[in-house]
Amino acid sequence: MSDDAKPKRPQQVYSLIVEVGRKEGDGLPPKATGAALLCYASGVDEAEAVRETVAILKEAELAPLEVQGLGTLEERLKASEDIDDEERFLMERALKENSVIVAEITPFFD
């Protein structure tokens, strides 16, 4: 049986909150102790989306500490979350480009 016979699982977009610590060259404000990043990442499952996101953030000189999955668009809508047009646009873009999009960065200060 060749690899072509396996059904290809569709890509989905997962909403993730990634907590990052400090690292030289991370671009966070000088007095920040870290940050929370809202990311939209494509993957065939949440685990793949998390791996891709962590790899890209490390490449960007960030120090990922923890990742919290918020689910796919469908899961979030089922949970009665309000998803605005801008958020939907960024999710669609992540899916189309098979990429990770950092939508929001919230620095932490002590």
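This is a guided tour of one predicted protein chain, moving from the whole chain to its sheet, a few single residues and a pocket.

**Before you select anything**

The model is predicted, and local features need pLDDT of at least 70, side-chain atom pairs count only at pLDDT 80 or more, and totals for chains, interfaces and linings use all residues. Residues are numbered from 1 along each chain as its sequence is written, and side-chain values use heavy atoms, with hydrogens and water left out.

**Stop 1: the whole chain**

Begin with the cartoon of the chain, in which you can look for 3 helices and 4 strands; here helices (H or I, at least four residues) and strands (E, at least two) are DSSP runs, numbered from the N terminus. Following the chain from its N terminus, you meet the elements in the order β-β-α-β-α-α-β. Along the principal axes, the C-alpha atoms fill a box of roughly 55 × 35 × 20 Å. Of the 110 residues in the chain, 35% are buried, where buried means under 20% relative accessible area, exposed over 50%, and partly exposed in between (1.4 Å probe, protein chains only). Among contacts between residues at least 6 apart in sequence, 71% join residues at least 24 apart, a contact being heavy atoms within 4.5 Å.

**Stop 2: the sheet**

Next, select the 4 strands, which form an open sheet in the order β3-β1-β2-β4 with antiparallel pairing; two strands pair if DSSP finds at least two bridges between them. The edges of the sheet are β3 (63–72) and β4 (100–108), and since each has a single partner strand, one side of each is left without a neighbour in the sheet. Neighbouring strands of this sheet are turned by 20 degrees against each other on average, direction ignored, with axes being lines fitted to C-alpha atoms, for helices over the stretch in contact, and angles running from 0 to 180 degrees between N-to-C directions.

Now colour β1 (12–21) by itself. Because 7 of its 10 residues are buried, β1 is largely enclosed by the rest of the structure. On one pairing, β1 and β2 are joined in the antiparallel sense over 9 bridges, and on another, β1 and β3 are joined in the antiparallel sense over 8 bridges. To see one bridge of the β1 and β3 pairing, select S15, whose partner in β3 is G71. Then move to β2 (residues 34–43), which runs antiparallel to β4 and is joined to it by 8 bridges; L37 has I105 as its bridge partner in β4. Finally, show α3, which lies across β1, β2 and β4 and runs at about 55 degrees to β2.

**Stop 3: C39 and its surroundings**

Select C39, which lies in strand β2 and stands opposite L16. Is C39 buried or exposed? With a relative accessible area of 0%, C39 is buried. Leaving aside neighbours within four places in sequence, C39 is in contact with several residues, including Y14, V18, T53 and I101. Although C39 and V18 are 21 residues apart in sequence, their C-alpha atoms are 7.4 Å apart in space.

**Stop 4: two loop residues**

In the loop between α3 and β4, select S99, which is buried with a relative accessible area of 18%. Not counting neighbours within four places in sequence, S99 is in contact with Y40, A41, S42, R93 and A94. Then go to D45, in the loop between β2 and α1 (46–59), which counts as partly exposed at 25% relative accessibility. D45 touches R9 and Y14, when residues up to four places away in sequence are not counted. If you draw a distance from the C-alpha atom of D45 to that of G27, which is 18 residues away along the chain, the separation is 30 Å.

**Stop 5: the largest pocket**

For the last stop, select Q11, Q12, V13, T72, L73, E74, R88, M91, E92 and L95, which line the largest pocket. On a 1 Å grid over the protein atoms alone, a cavity is a set of points where a 1.4 Å probe fits but cannot get out, whereas a pocket is an open set with protein on both sides within 12 Å along at least five of seven lines, and lining residues have an atom within 4 Å of a point. About 160 Å³ of space lies in this pocket, where grid points are joined across faces, edges and corners and the volume is the space filled by probe spheres set on the points. Which element gives the most to the lining? It is α3, with 4 residues. One lining residue, T72, is found in strand β3, is buried with a relative accessible area of 4%, and touches Q12, V13 and Y14, not counting residues up to four places away in sequence.
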